[in-house]
Amino acid sequence: MSSTEHAAQLVHDVAVIGAGPAGLSAALNLVRAKRTVLLVDANRPRNAATLRSHGFLTRDGISPLELRKLGRTEVEGYPEATVVQSVVDLVAPDPDTDTWRVHGSWRGTELEARARTVVVATGLREEFPALPMLRAFYGTAVHSCVECDAYDKAGQPLAFICETDDVVDRALLIAAWTDDLIVYTNGVAPLDDAGRARLSAAGVVVDERVVEDLEGDRTGMTGVRLADGHVEPRTGGFVRPVWHADLDWLGTGATTSPSATSGNTAANGDTPGALEGLQRDTQGLLVVDRVGRTSVPGLYAVGDVTPPGPEQLIVAAGHGAATAAAVHRDLVGGLADLRDAVQ
């Protein structure tokens, strides 16, 4: 029996959507609680371009893809686990059966499953400044996570490309690892006199001209090229992406209007409508309590898709374990004891 057929015939205790460190950790701890778990993953990790991850105890320097592979293998080793590769296009509550419906597809194979609870661990999508060569150097010379990668860039001449209003705080954080840092606002990031003064006092140079591209070759990044033709030698740096929580598949499943804009259509023509009572913050992240409960009973979220957003792998894994414990306790109590739930 295929994993997809198996998934369709069971009502799982938990459906975990996403198999990054947060989702894998949640799934592992839940199967060890003897919970039947459906783990659904599209295998499109945000950090796929990163060669080595850091700060994960006993796994410092491991490839994020290898870490995912090891974690998935561990989860798959438990008979309580069903692991499916699929792109989820609908997760919605079914009040008639008191379960959650999970629908997806992958290369012509359809997934239709039910679960008593759902853990959202799908992470975020990154949107970068429009520089043609940025992707070529991302994950090697240019990174987004300062805590993960600044150590290996310590003392180097670095660039920080940032178009958002947190430019000053993030630049000062990077400056803790180098005394040769140029901040490129690309003419977009807002800077006031107080911010310029803080950066100047820390020895950080600010360049507000438009950036045309990065320069380099197979040996690595060599500089930042501005629109006026000037090229500033830089061996690497950091970029501040804009993160998006793509959650238009999470809803009621009851809307069939042709004006729906999500583009995700599940079985029987259902298009996800807004999930009543679901709280999201101003960035679209799912608001949760300290152990991952959302404002909708039976729905949990963990990892980058919750405030404050992107976090180190080891932190995400820890949050996954904490959320797994909460899910198990709530299932034991019949989902009735939600004293800590978001109000």
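In which order do the strands of the five-stranded open sheet stand? The order is β8-β15-β9-β10-β11, and the pairing is parallel. The model shown in these views is predicted.

**View 1. The parallel sheet has β8 and β11 at its edges.**
β8 covers residues 142-143, and β11 covers residues 205-207. Each of these two strands pairs on one side only. Look next at β8 and its partner β15, residues 236-239. Two bridges join them, and the strands run parallel. His 143 has Phe 238 of β15 as its bridge partner. Helix α6, residues 167-174, packs on this sheet. The helix touches β9 (158-161), β10 (181-184) and β15. Its direction makes about 160° with that of β9.

**View 2. An antiparallel open sheet is built from three strands.**
The order here is β12-β13-β14. β12 (211-217) and β14 (231-233) stand at the edges. Each has a single partner strand, so one side of each is left without a neighbour in the sheet. On average, neighbouring strands are turned by 30° against each other, direction ignored. Follow β12 to β13, residues 220-226: six bridges join this antiparallel pair. Within the pair, Val 211 stands opposite Leu 226 of β13.

**View 3. The largest nonpolar core holds 28 residues.**
Ile 17, Val 91, Val 120, Leu 250 and Leu 299 have the most contacts inside this core. Several strands give two or more residues to the core, including β1 (11-17), β2 (37-41), β4 (87-94) and β5 (99-106). β6 (109-120) and β17 (299-301) are also among them. β6 gives the most, with five residues. Another core lies apart from this one. That second core has 22 residues, among them Ala 19, Ala 26, Val 31 and Val 83.

**View 4. Val 120 is in contact with residues from beyond its own stretch of sequence.**
Leave aside the neighbours within four places in sequence. Val 120 is then in contact with Ile 17, Leu 247, Trp 249, Leu 250 and Leu 286, among others. The list of contacts also includes Leu 299, Tyr 300, Ala 301, Val 302 and Val 305.

**View 5. Helix α3 turns one face of buried residues to its surroundings.**
α3 runs over residues 64-76 and has 13 residues. From first C-alpha to last, the helix reaches 18 Å, close to the 18 Å expected at 1.5 Å a residue. Pro 64, Leu 67, Arg 68, Gly 71 and Val 75 are buried in α3. Seen down the helix axis, the buried residues fall within an arc of 100°, so they line one face. What covers these residues? The cover includes α2 (21-31), β2, β3 (81-85) and α8 (313-332).

**View 6. Thr 58 and Asn 186 each have a positive phi, Thr 58 near 75° and Asn 186 near 60°.**
Neither residue is a glycine. Thr 58 is found in the loop between β2 and α3. Is Thr 58 buried or exposed? Its relative accessibility is 66%, so Thr 58 counts as exposed, the cut-off being over 50%. Asn 186 lies in the loop between β10 and α7 (193-201). Asn 186 has a relative accessible area of 12% and is buried, because buried means under 20%.

**View 7. A cis peptide bond links Pro 307 to Pro 308.**
Omega of this bond is near 10°. Pro 308 has its place in the loop between β17 and α8.

Methods: Residues are numbered from 1 along each chain as its sequence is written. This is a predicted model: local features need pLDDT of at least 70, side-chain atom pairs count only at pLDDT 80 or more; totals for chains, interfaces and linings use all residues. Side-chain values use heavy atoms; hydrogens and water are left out. A nonpolar core is a set of buried Ala, Val, Leu, Ile, Met, Phe, Trp, Tyr and Cys residues joined through side-chain atoms within 4.5 Å. Buried means under 20% relative accessible area, exposed over 50%, partly exposed in between (1.4 Å probe, protein chains only). Helices (H or I, at least four residues) and strands (E, at least two) are DSSP runs, numbered from the N terminus. Contact means heavy atoms within 4.5 Å. Two strands pair if DSSP finds at least two bridges between them. Axes are lines fitted to C-alpha atoms, for helices over the stretch in contact, and angles run from 0 to 180 degrees between N-to-C directions. The expected span of a helix is 1.5 Å times one less than its number of residues. The arc is that of the directions from the helix axis to the C-beta atoms.
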